[in-house]
Structures are given as C-alpha cells and as structure tokens.
Amino acid sequence: MNFKIVADSSADMLSLSQVDFTSVPLKITVGDDTYVDDENLNVAEMVDVLDRFKGRSCTACPSPQEWVEAFGEADRVFCVTITSNLSGCCNAAKIAARDYENQHPGRKVFVVDTLSTGPEMQLIVEKIQEWILAGKSYEMICVEIMAYLSKTRLMFVLQSIKNLANNGRVNPALATLVGLLGIRIVGRASDQGTLQQLSKSRGDKKALAELLSYMKELGYQGGRVLIHHCENLPCAENLKKALEDLYPKAQIVIDAARGLCSFYAEKGGLLIGFETA
Ligand code: X90
C-alpha cells in the first residue's frame with residue numbers, strides 16, 4: 001500500500017523529506033502576466049513587481065484535473081487544502097478525489113479542508129508524514145488529522161491588506177484600513193476559515209507584543225511554531241527570539257512564504273502556525 005501527501009501551494013512547501021509529496025500550484029495573475037506558484041517561481045521578483053503594479057491582479061486555484069494528476073498512482077492520498085471559505089481549491093480537490101476513486105476502485109483520497117493556510121497547513125502535512133512513518137493505518141490517520149487540526153492555529157501580522165481587499169477576501173470594514181502607513185493588522189484564521197482581525201497596532205514592536213499575547217490566549221504553551229514571512233526575516237527572527245525567551249523548549253522554524261501566501265500577505269507579512277496544548 002503506498003501513501004502520498006498532496007497539498008496546494010499555499011502550504012509554502014516544495015518538497016517533503018521522507019514521504020512521497022506533490023505541491024499543486026495556484027496561479028497569480030498580475031496584469032498580463034501569470035505566475036505559477038511552483039519551484040520555478042522567483043517569489044522575490046514577483047513581490048517586487050506587485051509592489052510597483054497599480055492594475056488588477058488576482059489568483060486562481062488548481063482544476064480537479066490538476067489535482068488528479070498530482071494524486072499519481074498512490075493507493076492512499078492525504079490531500080491538504082487551503083480554507084474552503086476563501087478559495088475554490090478544496091472544492092476542486094473533492095471533485096478530483098471522487099473522480100480518482102471512481103477511475104481506480106480500491107484507491108482512497110482523504111481531503112482535509114484546513115480552514116487555514118501557510119504554516120498551519122505545513123504543520124498538518126508534517127504531522128501526517130510522521131504518522132505514515134510510524135506505520136499508522138490510513139483510517140487511523142484520517143481520525144487523528146481531525147483531532148490535530150482542532151489543536152493548531154494560524155495567526156498573521158499584515159502591513160497591507162490591499163490584495164485581500166481587492167479580491168474580496170476580507171470584509172469591507174477591514175478593507176477600509178488599507179494603506180494606513182505604519183499600521184499592522186494582527187489577526188487569526190477564524191473557526192470558519194476566514195480572516196478575523198484581533199487588533200490594529202502601530203509599528204512592529206507593538207504588533208509583536210499583541211501577537212504574543214493573543215497566541216497565549218489562543219492556548220499556546222510552548223508547542224511547535226512555524227513562521228512564514230514575506231520578505232521580512234528580521235521580524236520573523238524577533239518573534240522567534242521572543243518566543244524562545246518565554247518558552248525555551250519550543251521548536252520554532254522560520255521559512256519564506258511562496259507565491260500565493262506572498263501575494264495575499266504582501267511585503268512584510270508574517271504568518272504563524274502553532275500547536276496549542
Ligand atoms: O483560490 C484562490 O484564488 C486563492 C484565494 C486565497 C485567498 C486567501 C489567502 C490568504 C493568504 C493571508 C493571511 C492569512 C489569512 C488566514 C485566513 C484563513 C494569507
């Protein structure tokens with residue numbers, strides 16, 4: 001029985017070390033150019049172009065066909081998607097799963113709607129890998145994924161929500177904050193998988209303090225943390241240091257966001273996925 005993990009590119013993962021893995025890219029259209037969010041994308045260059053671009057830009061999720069191709073020849077697939085409340089990804093994956101199972105009787109696909117994105121998706125993918133390596137059954141892993149998901153959270157600190165607002169991904173009240181210089185929006189993925197603003201702060205220092213106190217409030221007690229940043233390594237490192245001071249045993253990993261998350265989180269944005277107790 002061979003296992004495979006497939007995730008859309010909003011997980012910010014290009015590969016996985018020990019289990020068969022494929023990232024299925026979303027696409028980002030900026031004026032007449034379309035960027036495919038795969039290993040060939042130069043994220044820094046795209047972010048730079050976006051920074052200067054004044055016209056319309058948007059994103060698109062993979063088609064069911066693209067998902068099916070990624071499932072390959074696996075007997076058991078764990079398919080991890082971005083929140084179904086902000087993207088058609090999960091819906092396309094569910095159609096793909098049904099087609100795949102019909103075309104290959106006996107094979108199975110478990111679609112996980114993470115109601116989140118970025119580093120929280122990565123936490124889940126890595127956990128599934130751990131369980132596969134530990135020899136757990138497909139059925140067992142399906143059950144455990146849902147339990148694990150209820151213990152992980154996603155928070156974010158954004159300097160701009162222009163792209164989220166222009167693409168109708170935040171509520172209009174939040175969208176009015178667009179472009180306020182020096183303002184940081186601290187928020188979380190809500191239980192419905194939408195953006196929920198928790199506070200507005202002026203400057204990075206205050207935003208990080210807010211973030212830390214909300215992490216605690218949401219149940220963080222020193223578990224695993226993944227920080228994905230869009231061109232903002234200094235801020236990610238400050239957060240890592242602050243967390244290590246408070247939780248010396250915490251396992252914290254920093255990584256750069258790939259295309260989709262960089263498009264929406266924008267320059268300076270941080271996404272933080274973490275485990276609660
Ligand atoms: O289908 C598509 O075109 C993709 C649309 C994705 C829209 C939202 C992406 C958000 C990326 C921004 C901050 C974190 C938000 C967390 C909410 C669950 C990252």
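This report describes a sheet and the helices on it, the surroundings of a ligand, a set of antiparallel strands and two residues with unusual backbone angles.

The structure is a predicted model, and every value given here was computed from it.

**The parallel sheet and its helices**

An open sheet is built from 4 strands, which follow one another in the order β2-β1-β6-β7 and pair in the parallel sense. Strands β2 (21-24) and β7 (108-113) stand at the edges, and because each has a single partner strand, one side of each is left without a neighbour in the sheet. On average, and with direction ignored, neighbouring strands of this sheet are turned by 20° against each other.

Within the sheet, strand β1, which covers residues 3-8, is joined to β2 by 4 bridges in the parallel sense. One residue pair can be followed in the structure here, since D8 has V24 in β2 as its bridge partner. Helix α2, made of residues 64-71, lies across β1, β2, β6 (76-81) and β7, and runs at about 150° to β1. Helix α3, made of residues 89-103, also packs on the sheet, where it touches β1, β6 and β7, and its direction makes about 170° with that of β7.

**Around the ligand**

The ligand is surrounded by 17 residues, of which T59, A60, L86, S87 and R169 are the closest. Two of these residues place a polar side-chain atom beside an oxygen atom of the ligand: for T59 the distance is 2.5 Å, and for S87 the distance is 2.7 Å. Taken alone, the ligand exposes 550 Å², and the protein buries 98% of that area.

S87 deserves a separate look. This residue is found in the loop between β6 and α3, and a polar atom of the S87 side chain lies 3.0 Å from the backbone nitrogen of C89. Not counting residues up to four places away in sequence, S87 touches L26, C61, I82 and R169. Is S87 buried or exposed? S87 is buried, because its relative accessible area is 14% and the word buried is used for values under 20%.

**The antiparallel strands**

Elsewhere in the chain, strand β9 (residues 183-189) has a partner in β8 and another in β10. Strand β8, which covers residues 152-158, runs antiparallel to β9 and is joined to it by 4 bridges, and in this pairing L158 stands opposite I185. Strand β10, which covers residues 195-202, is paired with β9 in the antiparallel sense over 7 bridges, with R188 and Q196 as one pair of bridge partners. The hairpin of β9 and β10 has 5 residues between the strands, and in this hairpin G193 takes a positive phi near 80°. Strand β9 is mostly covered, for 7 of its 7 residues are buried.

**Two residues with positive phi**

D12 has a positive phi although this residue is not a glycine, and E266 is likewise a residue other than glycine with a positive value. D12 is found in the loop between β1 and β2, while E266 is found in the loop between α10 (259-265) and β13 (270-276). The table sets out the two residues.

| Residue | Phi | Relative accessibility |
|---|---|---|
| D12 | near 60° | 5% |
| E266 | near 65° | 11% |

D12 counts as buried at 5% relative accessibility, and E266 counts as buried at 11%.

Key. Residues numbered from 1 in each chain as written. Predicted model: local features only at pLDDT ≥ 70, side-chain atom pairs only at ≥ 80, totals over all residues. Heavy atoms only, no water. Pairing = 2+ DSSP bridges. Axes fitted to C-alpha atoms, helices over the stretch in contact; angles between N-to-C directions. Contact = heavy atoms within 4.5 Å. Near = heavy atom within 4 Å. Polar contact = N/O pair within 3.5 Å; in protein donor to acceptor, adjacent residues only side chain to side chain. Areas by Shrake-Rupley, 256 points an atom, 1.4 Å probe, with all protein chains shown as cover. Buried < 20%, exposed > 50% of the residue type's maximum accessible area, 1.4 Å probe, protein only.
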